[in-house]
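Biologist: Please take a close look at one part of this model, the place where the two chains meet, and then say what else in the chains deserves a look.

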Amino acid sequence: MAEVIGLREAVAELVRDGDTVAMEGFTHLIPVAAGQEIIRQRRTGLTLARMTPDIIYDQLIGAGCAGKLIFSWGGNPGVGSLHRFRDAVQHSWPVPLEIEEHSHAGMANRYVAGASGLPFAVLRGYTGTDLAGHTGTIKPITCPFTGERLTAVPALNPDVAIVHAQRADRAGNVQLWGITGVQKEAVLAAHRALVTVEEVVPELPPRPGAIVLPAWAVTAVAEVPFGARPSYAQDYYDRDNEAYQAWDAISRDRAEFGRWLREELGAEV
Amino acid sequence: MSTPDSADYTTDEMMSVAAARALRDGSSCFVGIGLPSTAANLARRLHAPNLTLVYESGCLGAKPSRLPLSIGDGELAETADAVVSVPEVFNYWLQPGRIDVGFLGAAQLDRFGNINTTVIGEYADPKVRLPGAGGAPEIAASCREVFVVLRQSARAFVEEVDFVTSFGHGHGKGDRRRLGLPGAGPTLVITDLGVLRPDPETAELTLTELHPGVEPDQVRAATGWPLRVAGDLAVTPAPTEQELRVLRELKKVSA
């Protein structure tokens with residue numbers, strides 16, 4: 001059964017140096033507060049997996065927490081580049097960042113295989129692109145029934161998955177709705193899972209279409225109101241588009257980013 | 001509000017309007033963010049009210065009242081016919097070929113319509129690291145056809161892309177079929193200067209339409225390969241007053 005505990009305690013227990021960590025949320029319900037707690041606790045050598053690294057991974061990369069990134073689209077959605085990510089890839093600052101690069105379809109299917117307990121997934125993707133030549137986890141495979149050449153990608157089974165959701169009950173059952181991305185797959189693929197929620201309620205009233213992650217599929221639940229800001233939580237608060245635009249200026253310059261890190265998170269690069 | 005003068009418009013507005021006109025009513029379109037999303041939402045307000053917009057965040061049939069800043073904005077989910085998971089949108093809706101048009105942007109595009117959104121320079125030691133693939137490789141592979149919209153410059157329109165993020169026509173006609181790619185690939189490229197289409201014999205992108213007031217030499221100068229110009233070069237009709245008014249309203253509420 002899931003433990004309902006505080007965010008600091010949850011990150012201290014569940015996230016270890018060198019872990020493969022998947023923090024998911026497709027524009028919606030991004031576990032930003034949990035990511036910032038990882039920075040405060042100064043984890044290092046993490047392999048970060050996420051389809052769209054977004055500004056939370058820009059912050060983790062800029063703070064030097066990551067040694068590797070597994071991803072499919074690394075930008076500031078609707079704004080432009082992720083400058084800390086670019087600085088790490090182009091100039092190894094503050095530490096070199098190894099990358100393992102996929103397409104969205106490839107990443108989504110890696111989580112599906114992980115959640116399914118299978119060694120790989122198969123898709124009709126990547127054909128003709130240069131991605132296969134640079135990413136060791138993209139391989140051709142022949143269909144045993146039709147002979148069609150397809151692509152195999154290995155299961156992604158993170159040490160820990162972290163997602164944000166609207167609510168949980170005291171036993172740790174979780175409801176999430178709206179754009180649900182690959183959150184369910186990431187949780188079920190991971191060895192340990194932390195779900196931060198907007199609120200813990202005594203009982204979960206039924207809500208049609210709200211995916212329920214049963215308490216026994218989750219390691220810990222932490223109540224973190226506004227834990228997805230500046231992304232959003234459907235029916236709780238809207239996306240703060242201005243914060244995404246403001247991040248462009250903060251992240252563009254190493255010194256400015258350092259100042260932000262000190263003032264906002266009390267951390268150093 | 002004053003009536004827009006249809007003689008007074010920007011090259012970007014011409015591009016958005018030309019891109020919107022390319023989308024047929026009743027079809028489905030897998031929409032990338034930025035220029036493609038602007039064009040698709042404009043088309044839905046003009047001649048294509050029954051255009052189904054599909055966003056990779058899992059929003060099928062989104063009907064936003066303003067342009068979303070990102071493909072996962074809440075309004076896309078609130079106005080969609082259905083919201084599905086990301087594995088589902090790629091595996092069940094895109095991969096089997098259910099979507100008519102994939103509408104993409106690009107950082108680099110080459111003479112055979114191959115798209116780069118990954119790196120400028122060497123992959124291991126890039127001059128510029130770009131966002132990467134996202135959903136584009138499979139959109140370019142599996143949609144029935146692909147439209148590309150981007151501003152034309154010799155830096156963006158290159159002889160050969162530095163990295164093939166999304167496959168167009170490879171090195172020429174027949175390459176897609178040889179690789180077993182199901183869709184027709186890029187059939188239309190809309191820029192701020194004109195319209196390019198693959199040559200039916202060679203699949204090389206050829207200038208087939210000029211926007212009003214643009215000379216062929218201007219387009220040649222903004223193209224990084226010796227651009228071929230179609231014999232029956234057409235001129236794009238200028239934006240109508242209605243097209244401009246609706247586009248400007250859309251931009252205004254989205255600002």
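Modeller: The answer begins with the interface and then turns to places inside each chain.

This is a predicted model, in which local features need pLDDT of at least 70, side-chain atom pairs count only at pLDDT 80 or more, and totals for chains, interfaces and linings use all residues. Residues are numbered from 1 along each chain as its sequence is written, chains are lettered from A and ligands numbered from 1 in the order in which they are written, and side-chain values use heavy atoms, with hydrogens and water left out.

At the interface, 44 residues of chain A are in contact with 40 residues of chain B; contact means heavy atoms within 4.5 Å. The size of an interface is often given as the accessible area lost when the parts come together. Here chains A and B bury about 3,500 Å² between them, and 60% of it is on carbon and sulfur atoms. Buried area is the accessible area (1.4 Å probe) that two parts lose on being put together, summed over both.

The rule finds two salt bridges across this interface, a salt bridge being a side-chain nitrogen of Lys or Arg within 4 Å of a carboxyl oxygen of Asp or Glu. One of them joins Arg239(A) to Asp73(B), at 3.9 Å from N to O. On the side of chain B that touches chain A, α3 (74-79), α4 (86-94), β9 (126-129) and α5 (136-142) of chain B each supply at least two residues. Helices (H or I, at least four residues) and strands (E, at least two) are DSSP runs, numbered from the N terminus. By class, that side of chain B has 21 nonpolar, 13 polar and six charged residues. Ala, Val, Leu, Ile, Met, Phe, Trp, Tyr, Cys and Pro count as nonpolar, Asp, Glu, Lys and Arg as charged, and the others, Gly among them, as polar.

Over all chains, the count comes to 28 salt bridges. Within chain B, Asp12(B) pairs with Arg151(B) in a salt bridge whose closest N and O atoms are 2.8 Å apart. Asp12(B) lies in helix α1 of chain B and Arg151(B) in the loop between β10 (145-149) and β11 (157-158), so the pair ties together parts that are 139 residues apart in sequence.

The backbone of chain A has some features to note. Most residues other than glycine have a negative phi, and most peptide bonds are trans. A cis peptide bond joins Trp93(A) and Pro94(A), with omega about 5°; Pro94(A) is in the loop between α4 (83-91) and β7 (98-101) of chain A. Another cis peptide bond joins Arg229(A) and Pro230(A), with omega about 10°, and Pro230(A) lies in the loop between β15 (220-223) and α8 (241-252) of chain A. Thr27(A) has a positive phi, near 70°, and sits in the loop between β2 (20-23) and α2 (32-40) of chain A.
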